[in-house]
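Reader: I'm at the bench most days and rarely read models. Could you walk me through this one, feature by feature?

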Amino acid sequence: MNNESGINREELHAFIDGELDPIRAAEFAKLVASDPALAVRVAAFRSDKQQLDRIYGSLSDLPVPPEWLQRIRDASVPRRQRFSSVAFSRRGVLAIAASLLLILTVNFGLVYERSSVTNEDAIVAEALAARQDSTRPEQSLAVASTAPEERNQVLASTLSMMLKAPDLTKLGYQLANIRVYSGVAGGKAAELAYRDSQNRLFTLYLRHPSGPPRVDLVERDGMRICVWQDDVLGTVMLGEMSAGEMARIASLAYSGLTL
């Protein structure tokens, strides 16, 4: 961000949302016109917001359940204390995490990025190794030659729970293959690899969790990493994309796992 011009992230998104006062909005428009990098950033955030509105806009008409509001208010409690005192079901974590991701991306054009994902994070290391083909799979399933029921059965038998391969065609990604790994934390793991029309790779790595529930989103060397873990399933989503795009595809992928 161009701090020399006195622009911060909040003001940037207020400008995009039309919430600046007229004088500051006019000043901001001049800055955008004279700064190509800033103009590109504004255009990118507007594009993300339009796509989010198109895909998730109808959610704004739904009432927010009171228990969700209470849990969001409880977010001010330290994380360690919160997870030690509240037992989250998979459905509850999905609902809260999806809500928070969508609220942050739709209303503010950003997602919550945190630094708790480190090189010692085992599930992330496993997901990266699988994506980079540095780990040999126990089984590889070519999607083109298998029926959806067979793919879902592979996931169910690998992780001992009822799962299905998410349909990401709404965001332009087609499932290419499924690979199964053994000898990882939690027993076995599965990697689902998706490709878009430009051959960009998005991978979804699944295994049983080895830590508390969490939703983390970070960027490392151009790779966006989303760790979405509840009390029964740990997932790592990897792709070279913007934070907004990862928030959209992560929400769709995670919710699409449930039969």
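Author: Sure, vocabulary to begin with: helices (H or I, at least four residues) and strands (E, at least two) are DSSP runs, numbered from the N terminus. This is a predicted model, where local features need pLDDT of at least 70, side-chain atom pairs count only at pLDDT 80 or more, and totals for chains, interfaces and linings use all residues. Residues are numbered from 1 along each chain as its sequence is written, and side-chain values use heavy atoms, with hydrogens and water left out.

Reader: What is the sign of phi in Asp133, the residue after H7?

Author: Positive: Asp133 follows H7 and has a phi near 60°. Asn199 has a positive phi too, near 65°, though it isn't a glycine. Asn199 sits in the loop between strand E3 (187-195) and strand E4 (201-207).

Reader: Is Asn199 buried or exposed?

Author: The cut-offs are these: buried means under 20% relative accessible area, exposed over 50%, and partly exposed in between (1.4 Å probe, protein chains only). Asn199 has 52% relative accessibility, so it counts as exposed.

Reader: And how much of H7 is buried?

Author: Helix H7 (residues 122-131) is mostly covered, with 8 of its 10 residues buried. Among them are Ile123, Val124, Leu128 and Arg131. For packing, contact means heavy atoms within 4.5 Å. The buried residues of H7 pack against several strands, including strand E2 (174-184) and strand E7 (234-239).

Reader: How do I read a nonpolar core?

Author: Think of a set of buried Ala, Val, Leu, Ile, Met, Phe, Trp, Tyr and Cys residues joined through side-chain atoms within 4.5 Å. Here the largest one has 33 residues, and Leu192, Phe202, Met237 and Met246 have the most contacts inside it. Helix H9 gives the largest share, 6 residues. A second, separate core of 15 residues includes Val124, Leu128, Ala130 and Val218.

Reader: How are two packed helices described?

Author: By the angle between their axes and the distance between the axes. Axes are lines fitted to C-alpha atoms, for helices over the stretch in contact, and angles run from 0 to 180 degrees between N-to-C directions. Helix H1 (residues 9-16) and helix H2 (residues 22-34) pack at about 100°, with their axes 11 Å apart. That makes H1 roughly perpendicular to H2 (65 to 115 degrees; under 35 is roughly parallel, over 145 roughly antiparallel, the rest oblique). Glu11, Leu12 and Phe15 of H1 meet Arg24, Ala25, Phe28, Ala29 and Val32 of H2.
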